[in-house]
Amino acid sequence: MERYTYFDGGKWRLKIGDTEYSGDWVNRLAAYEETGLEPEEIERVLDSYGRGMTLRTENAQRLEIIKEIPIDRLRELAQAYRLLGNTVYEPNKRGVISTYKVISVHFSGCSILVGWDLLDGIYSNLNGFEISALGKTVFLTREAAEAALKEKEAEHESNV
């Protein structure tokens, strides 16, 4: 999808012809563009979000829902949706990096839970993780998980 917004002078901007625009609606368009999702994919995210909140999914109601979702929340929803089918890595206290396949995303009003299946390693007795754990205890690449594991081991050695 072609990008229309750009960041300049500390804010998002949109130029149409000779006129330049900025403001809340341009910020929302920029947030949508940052998701990298096509309109059909946004529809599926909204359907899932609506079901989690037990709301009907008529078009007018969807538009009202999306107006109420903060931009950061839209980014989280898009990020979680893009994880489906991907592999994530979780280093554990035993020094093993477990590999999981993302199988589900569960939306609710207060959290986004990502479900997984173990592919390799030691099962952590969790069905998944909260989206906020991404980049902290769960990683998108094995290299990032290895770096986090080394950092924790170095931290542990300095405390001994």
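Leucine 14 sits opposite tyrosine 21 in β3, and that pair is a handy way into this predicted model. Three bridges hold the two strands involved together, with β2 and β3 running antiparallel. Tyrosine 21 itself belongs to strand β3, which covers residues 19–21. Is tyrosine 21 buried, partly exposed or exposed? Its relative accessibility is 33%, and since buried means under 20% and exposed means over 50%, tyrosine 21 counts as partly exposed. Tyrosine 21 also takes part in a nonpolar patch on the surface, joined there by Ile16 and Trp25. Together these residues offer about 320 Å² of accessible area.

Stepping back, the chain has 160 residues, and 32% of them are buried. Its secondary structure comes to 5 helices and 7 strands. Read from the N terminus, the elements go β-β-β-α-α-α-α-β-β-β-β-α. The accessible surface of the chain is about 10,200 Å², and carbon and sulfur atoms account for 51% of that. As for contacts with a separation of 6 or more, 44% of them link residues 24 or more positions apart.

Back to the strands at the start of the chain. An open sheet of 3 strands is laid out in the order β1-β2-β3, with antiparallel pairing. At its edges are β1 and β3, each of which pairs on one side only. On average, neighbouring strands in this sheet are turned by 40 degrees against each other, leaving direction aside. Between β1 and strand β2 (residues 11–16) there are 4 bridges, again in the antiparallel sense. One facing pair is tyrosine 6 and arginine 13, the latter in β2. The two strands make a hairpin with 2 residues between them, and glycine 9 in the turn shows a positive phi of about 65 degrees.

Threonine 5 is part of strand β1, which spans residues 5–8. How much of threonine 5 is accessible? Its relative accessible area is 4%, so threonine 5 is buried. Once residues up to four places away in sequence are set aside, threonine 5 still touches Trp12, Arg13 and Leu14, along with Val26, Leu29, Ala30 and Glu33. Helix α1 (residues 24–35) lies across β1, β2 and β3, and runs at about 95 degrees to β2.

Further along comes helix α2 (residues 39–52), which contains glutamate 41. With a relative accessibility of 24%, glutamate 41 counts as partly exposed. Which residues does glutamate 41 contact, leaving aside its neighbours within four places in sequence? They are Gly36 and Tyr81. Glutamate 41 and arginine 82 are 41 residues apart along the chain, and their C-alpha atoms are separated by 9.5 Å.

The other sheet described here is an open one of 4 strands, in the order β4-β5-β6-β7, with antiparallel pairing. Its edges are taken by β4 (87–91) and β7 (128–130); each has a single partner strand, so one side of each is left without a neighbour in the sheet. Ignoring direction, neighbouring strands of this sheet are turned by 40 degrees against each other on average.

Going through this sheet strand by strand, β4 and β5 pair in the antiparallel sense over 5 bridges. Here threonine 87 faces lysine 101 in β5. The two strands form a hairpin with 5 residues between them, where glycine 95 in the turn has a positive phi of about 85 degrees. Why can strand β5 (residues 97–107) be called largely enclosed by the rest of the structure? Because 8 of its 11 residues are buried.

On to the next pairing: β5 and β6 are antiparallel too, with 8 bridges between them. Lysine 101 turns up again here, as its bridge partner in β6 is aspartate 117. Lysine 101 thus has a partner listed on either side, with threonine 87 opposite it in one pairing and aspartate 117 in the other. Finally, strand β6 (residues 112–120) is joined to β7 by 3 bridges, and these strands run antiparallel. Glycine 115 stands across from glycine 128 in β7.

Technical notes: Residues numbered from 1 in each chain as written. Predicted model: local features only at pLDDT ≥ 70, side-chain atom pairs only at ≥ 80, totals over all residues. Heavy atoms only, no water. Buried < 20%, exposed > 50% of the residue type's maximum accessible area, 1.4 Å probe, protein only. Contact = heavy atoms within 4.5 Å. Patch = residues over 30% accessible without salt bridge, like charges linked within 9 Å, V, L, I, M, F, W, Y side chains within 5 Å. Areas by Shrake-Rupley, 256 points an atom, 1.4 Å probe, with all protein chains shown as cover. Salt bridge = Lys/Arg side-chain N within 4 Å of Asp/Glu carboxyl O. Pairing = 2+ DSSP bridges. Axes fitted to C-alpha atoms, helices over the stretch in contact; angles between N-to-C directions.
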